[in-house]
Amino acid sequence: LKARKKIDFALIVESEGTANTLVTNGFTRRNNCILIGAQGVPSNAVRGWCKLIEDQLDVPMYFFGDLDAYTMQNIFRTLKAGSAASLIRNKDFSAPNVRFLGVLPEDIKKYDLFDYPVREADPVEARALKKAKDALENDPFFKDKKNKQLSDILHWLIKNKRRCEQQSFFSVDPKDPTMPEKIIIEKIKRGAYV
């Protein structure tokens, strides 16, 4: 993998729709970066590309996704450490240095983001909370001290039973379509990631 000029960072976006919107609004024209849509739980192909970028370009990598239990334990964990149930070699299909840029719990108040309660009556959402509790107790990834901040986010999600989607950044200033980009860049510069 060879870049024509030095890339400043790579941004992996949970939702393909959000990734496409950022590109359409000029994110990659104004920032010297690689932007990848993860398409939800990242496939081996997406994770392979992230591993290649991490190994060969040696640039900071950030994940921009929802603040919910499913994203933390299925999407981000898979990108960072590989699939817990995979039969393939996870070290070849994971990017251990990727950082979780958001949505972070503190972003909700800081940017006045729309968040909403987890509906425990919904079987899918109830299962995600149950799996989060199980992950904190049994998953070596979340038990590892170097992932304590990620575990803290899962604890926050279980305790507060709230969730916030990445698309909420678009409502911070609806008249400015570049506001999500400004927030992402400001968070990177400030080190507001886990």
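Colleague: Where does Arg-29 lie?
Modeller: Arg-29 lies in helix 2, which covers residues 27-30. Helices are DSSP runs of H or I with at least four residues, strands are runs of E with at least two, and both are numbered from the N terminus. You are looking at a predicted model, in which local features need pLDDT of at least 70 and side-chain atom pairs count only at pLDDT 80 or more, while totals for chains, interfaces and linings use all residues. Residues are numbered from 1 along each chain as its sequence is written, and side-chain values use heavy atoms, with hydrogens and water left out.

Colleague: Thanks! Is Arg-29 buried or exposed?
Modeller: Arg-29 is exposed, with a relative accessible area of 66%. Exposed means over 50%, buried means under 20%, and partly exposed is in between, using a 1.4 Å probe and protein chains only.

Colleague: And what does Arg-29 touch?
Modeller: Val-23 and Thr-24, leaving out residues up to four places away in sequence. Touching, or contact, means heavy atoms within 4.5 Å.

Colleague: Let's go inside. Which residues of the largest nonpolar core touch the most other members?
Modeller: Leu-11, Ile-12, Phe-27, Phe-100 and Leu-154, out of 58 residues in that core. A nonpolar core is a set of buried Ala, Val, Leu, Ile, Met, Phe, Trp, Tyr and Cys residues joined through side-chain atoms within 4.5 Å. In soluble globular proteins, nonpolar side chains tend to be buried together.

Colleague: Take Leu-11, then. What does Leu-11 touch?
Modeller: Not counting residues up to four places away in sequence, Leu-11 touches Leu-22, Phe-27, Ile-34, Leu-35, Ile-36, Tyr-62, Phe-64, Leu-101 and Ile-184.

Colleague: Now helix 4. How many of its residues are buried?
Modeller: In helix 4, residues 69-81, 11 of the 13 residues are buried, so helix 4 is largely enclosed by the rest of the structure. The buried residues include Met-72, Ile-75, Phe-76 and Leu-79, and also Gln-73, Arg-77 and Lys-80.

Colleague: What follows helix 4?
Modeller: Gly-82 does, and its phi is positive, near 90°.

Colleague: Which residues other than glycine have a positive phi?
Modeller: Asp-58 has a positive phi of about 50°, and Asp-112 has one near 55°. Most residues other than glycine have a negative phi, and most peptide bonds are trans.

Colleague: Where are those two found?
Modeller: Asp-58 is in the loop between helix 3 (44-57) and strand 3 (61-64), and Asp-112 is in the loop between helix 5 and strand 5 (116-117). Asp-58 is exposed at 64% relative accessible area, and Asp-112 is exposed at 68%. Asp-58 touches Lys-6 and Ile-53, not counting residues up to four places away in sequence.

Colleague: Which peptide bond is cis?
Modeller: The one from Gly-102 to Val-103 is cis, with omega near 15°. Val-103 is in the loop between strand 4 (99-102) and helix 5 (105-110).

Colleague: Different topic: how do helix 6 and helix 8 pack?
Modeller: Helix 6 (residues 123-138) and helix 8 (residues 148-160) pack at an angle of about 145°, with their axes 10 Å apart. The axes are lines fitted to C-alpha atoms over the stretch in contact, and angles run from 0 to 180 degrees between N-to-C directions.

Colleague: Which residues make that contact?
Modeller: Helix 6 supplies Leu-129, Ala-132, Lys-133, Ala-135 and Leu-136, and helix 8 supplies Ser-151, Leu-154, His-155, Leu-157 and Ile-158. They divide into seven nonpolar, two polar and one charged. Here Ala, Val, Leu, Ile, Met, Phe, Trp, Tyr, Cys and Pro count as nonpolar, Asp, Glu, Lys and Arg as charged, and the others, Gly among them, as polar.

Colleague: Last one: how many disulfides does a search of the whole structure find?
Modeller: Zero. A disulfide is a pair of cysteine sulfur atoms within 2.5 Å.

Colleague: Why does Cys-33 have no bond to Cys-50?
Modeller: The sulfur of Cys-33 is 13 Å from the one in Cys-50, its closest cysteine sulfur, and that is too far for a bond. Cys-33 counts as buried, at 11% relative accessibility, and Cys-164 counts as buried too, at 1%.
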